[in-house]
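Work through the exercises below with the sequence and the structure at hand, and try each task before you read its solution.

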Amino acid sequence: MPKDGGIGASSKRREDVRFLTGVGNYTDDIDIHGQAHVFFLRSDVAHGTLNAVDTSAAEAMPGVVKVFTGADFEGVGSIPCGWQVTDKHGEVMQEPAHPVLAQGKVRHVGEPIAAVVAETLEQARDAAETINVDIAELPAVVDMKAALADGAPKVHDDLTSNLCYDWGFVEENKDAVNKAFEEAAHVTSLELVNNRLVANPMEPRVAVGDYSRGTDEHTLFTTSQNPHVIRLLMGAFVLGIPEHKLRVVAPDVGGGFGTKIFHYQEEAFVTFAAKACNRPVKWTSSRTEAFMSDAHGRDHVTKIELALDTDNNFTALRTDTHANMGAYLSTFAPSVPTWLHGTLMAGNYKTPLIYVNVKAVFTNTVPVDAYRGAGRPEATFQLERVVDKAARELGVDPIALRRQNFITEFPYATPVAVEYDTGDYHATMDKLEEMIDLSGFEARRKASEANGKLRGVGVNCYIEACGIAPSNLVGQLGARAGLYESATVRVNATGGLVVMTGSHSHGQGHETSFAQVVAEMIGIDENMVEIVHGDTSKVPMGMGTYGSRSIAVGGSAMVRATEKIINKAKKIASHLLEASESDIELKDGAFSVAGTDKSVAWGDVTLAAYVPHNYPLEDIEPGLEETAFYDPSNFTYPSGAYACEVEVDPDTGKVTIESFAAADDFGNIINPMIVTGQVHGGLAQGIGQALLENCAYDDNGQLLSGSYMDYAMPRADDLPMFDVDHSCQTPCTHNPLGVKGCGEAGAIGSPPAVVNAVVDALRSAGKDVTHIDMPLSPDRVWAAMQ
């Protein structure tokens with residue numbers, strides 16, 4: 001039977017009450033008395049020299065408060081990048097300046113050139129239309145390989161080329177890898193594209209800046225996944241505001257998927273403009289603006305090669321990837337195709353030798369950064385596609401080839417510098433085979449053929465490194481901030497708790513699952529625990545939510561702080577019960593003396609903490625509040641096995657997903673219902689990438705998919721009912737909860753499963769198809785069959 005509450009119970013998400021009844025408090029709901037509105041005039045050319053920006057007509061328009069151009073931001077800092085990569089030659093990456101408003105040149109369609117602050121948004125928009133911008137258009141470069149060719153237009157004139165870095169990993173493996181390929185019995189090669197995506201959270205980005213002249217304090221309300229990091233980056237590196245004079249608040253946030261991790265120009269602008277105009281300034285992105293200003297995801301072009309011996313054991317792997325950075329370096333951008341991608345190229349397999357090369361390239365496109373999975377989906381897609389192709393070339397079962405090469409002993413140190421602490425890849429594959437009824441597949445295939453359709457099944461495995469940390473490791477790899485997490489637990493006199501966490505919730509259900517953990521530790525009702533997040537004035541320093549780190553890192557900080565609370569409460573209880581502290585036990589919300597019937601309730605102890613009549617103050621100070629910082633010793637390594645079954649219409653190329661199964665190992669599970677929901681969401685996004693989504697530019701850098709008219713988002717009828725299982729648990733060995741993280745798994749494991757299934761369907765009809773690049777739109781699939 002399911003538990004009524006605590007760890008392991010499918011408690012309903014308490015935050016959903018306000019979301020579903022329309023009383024959530026989102027950034028766009030915040031209206032400050034006297035606020036003005038901003039409209040950004042954005043470049044409609046991808047590359048050009050800014051000769052002049054004439055704002056005189058706009059300044060005279062009704063309602064206009066002030067018009068800003070790049071000249072107003074001379075002396076203001078550049079939008080910073082949070083990660084520095086050192087290339088294979090020991091040189092640091094090329095890192096161009098990223099101005100708040102364009103200065104000297106524009107480098108992508110959508111780059112803000114000027115900003116009009118007015119009494120209303122309509123007045124700001126009308127005034128912006130009168131700004132006269134003189135741009136001398138320059139040749140744009142969109143294709144990454146063309147951007148590296150001799151004579152290519154330079155995105156940044158002050159850089160030596162469009163190459164951000166040329167990264168090799170592990171460089172000392174390179175010669176041994178090459179030798180292994182020379183000696184291989186079989187080599188499988190594959191060239192593929194990981195298509196560019198737009199995250200499209202339900203809530204677009206919003207920023208509201210406020211300034212108090214009396215105290216010289218700034219407040220930024222913003223749609224952010226990590227408000228403390230925004231405060232650090234914007235305050236210290238852009239606007240020069242001391243952290244104690246800058247408050248950043250991220251209230252309810254309607255989805256992020258990575259795109260709300262980063263510090264954006266608009267946040268810096270409204271904060272700067274609020275002081276310059278001496279009034280609050282608000283910006284709400286339109287969906288069209290989001291397409292050309294939110295950081296995009298993926299956009300890799302890769303050649304991957306797999307070497308095998310005569311017994312079909314994997315002996316070596318090498319990849320060569322071009323990764324698009326766009327026109328500027330977004331906050332985490334350099335780390336995504338390197339440390340979040342190259343370190344996962346071992347996958348679930350005991351391949352002894354691996355070499356990964358990544359060339360990061362500047363182009364005249366929107367900056368590219370982390371999107372749900374961030375590097376791990378790119379690694380998994382390459383690896384699982386080449387393994388599937390190798391199985392077909394060798395004439396062996398794709399599942400059997402995977403099983404033969406699975407890692408089976410843990411801990412396991414991969415050749416790409418990470419150590420998996422636990423896992424059981426055979427168990428997840430066993431569970432998957434049980435879920436998908438492989439024995440009945442041929443009958444289903446014949447039934448499809450009778451209806452004029454082709455049926456295929458695709459299987460793949462994945463592993464991801466998440467719970468992003470530890471700080472000392474990522475610092476050595478170029479991170480410019482620590483990746484720990486913090487929590488403060490404050491107990492009220494009547495026994496209720498307020499837990500203030502540096503993790504941020506934007507759909508993950510923290511207010512429910514975090515409360516379950518604390519309630520279980522103390523033995524009280526979950527409703528006695530309140531979770532507070534998203535406000536730098538209330539919460540100790542935190543690194544936010546991304547990389548499936550909330551429960552593994554943020555939850556562990558919360559556990560450590562709660563342990564401190566319990567230890568102090570035991571001291572108080574020992575005095576109340578006149579017993580040794582070592583004999584005090586806490587169970588079901590009461591302290592008792594071991595071996596006796598003497599006990600005192602949790603609420604009586606917490607009241608005594610604030611009304612200290614019964615214990616010596618020289619031993620125990622009043623109050624019950626503790627803070628803990630948690631910095632893990634390793635990543636966590638969720639893993640799983642996924643299967644997709646499809647039908648393909650040979651006349652049109654349309655792909656229909658008939659079934660999808662996911663068997664995941666997330667370690668210990670806090671709330672099974674929330675975990676299932678997270679996997680469902682990830683699967684929808686991964687399937688969207690595989691079949692529908694594609695952000696496209698023409699040769700002149702014009703965005704061709706700038707709205708939902710041209711960018712195909714998955715709808716309900718594109719998706720099957722998912723079969724999700726997470727019963728195969730190998731708990732993480734190095735965090736107190738034994739958790740691994742679940743938020744990105746679905747998006748990592750699903751794209752190769754879909755492509756493998758479609759290739760299988762086409763090959764069943766005798767089509768010599770080895771690969772189709774995503775998205776597998778009907779025209780691409782139909783063309784592959786011809």
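A residue is called buried when its relative accessible area is under 20%, exposed when that area is over 50%, and partly exposed in between. Keep in mind throughout that the model is predicted.

**Exercise 1.** Decide whether Gln404 is buried, partly exposed or exposed, and describe its surroundings.

*Solution.* Begin with the location: Gln404 belongs to helix 10, which covers residues 398–405. Next, take its relative accessibility, which is 32%, so Gln404 counts as partly exposed. Then look for contacts, leaving aside residues up to four places away in sequence: Gln404 touches Asp311, Asn312, Asn313 and Lys350. Finally, examine the polar partners, where the side chain of Gln404 reaches the backbone oxygen of Asn312 at 3.4 Å, and a polar contact of 3.0 Å joins it to the side chain of Asn313.

**Exercise 2.** Classify the exposure of Asn278 and of Ala417, and state the sign of phi in each residue.

*Solution.* Start with Asn278, which sits in the loop between helix 7 and strand 12; its relative accessible area is 44%, so Asn278 is partly exposed. Its phi is near 55°, a positive value in a residue other than glycine. Turn then to Ala417, in the loop between strand 16 and strand 17, where a relative accessibility of 59% means that Ala417 counts as exposed. Phi of Ala417 is near 75°, again a positive value in a residue other than glycine.

**Exercise 3.** Find which residue is joined to Val170 by a cis peptide bond, and locate Val170.

*Solution.* The partner is Phe169, and omega of this cis bond is about -5°. Val170 itself lies in the loop between strand 7 and helix 5.

How values were computed: Residues numbered from 1 in each chain as written. Predicted model: local features only at pLDDT ≥ 70, side-chain atom pairs only at ≥ 80, totals over all residues. Heavy atoms only, no water. Helix = DSSP H or I, 4+ residues; strand = E, 2+ residues; numbered from the N terminus. Buried < 20%, exposed > 50% of the residue type's maximum accessible area, 1.4 Å probe, protein only. Contact = heavy atoms within 4.5 Å. Polar contact = N/O pair within 3.5 Å; in protein donor to acceptor, adjacent residues only side chain to side chain.
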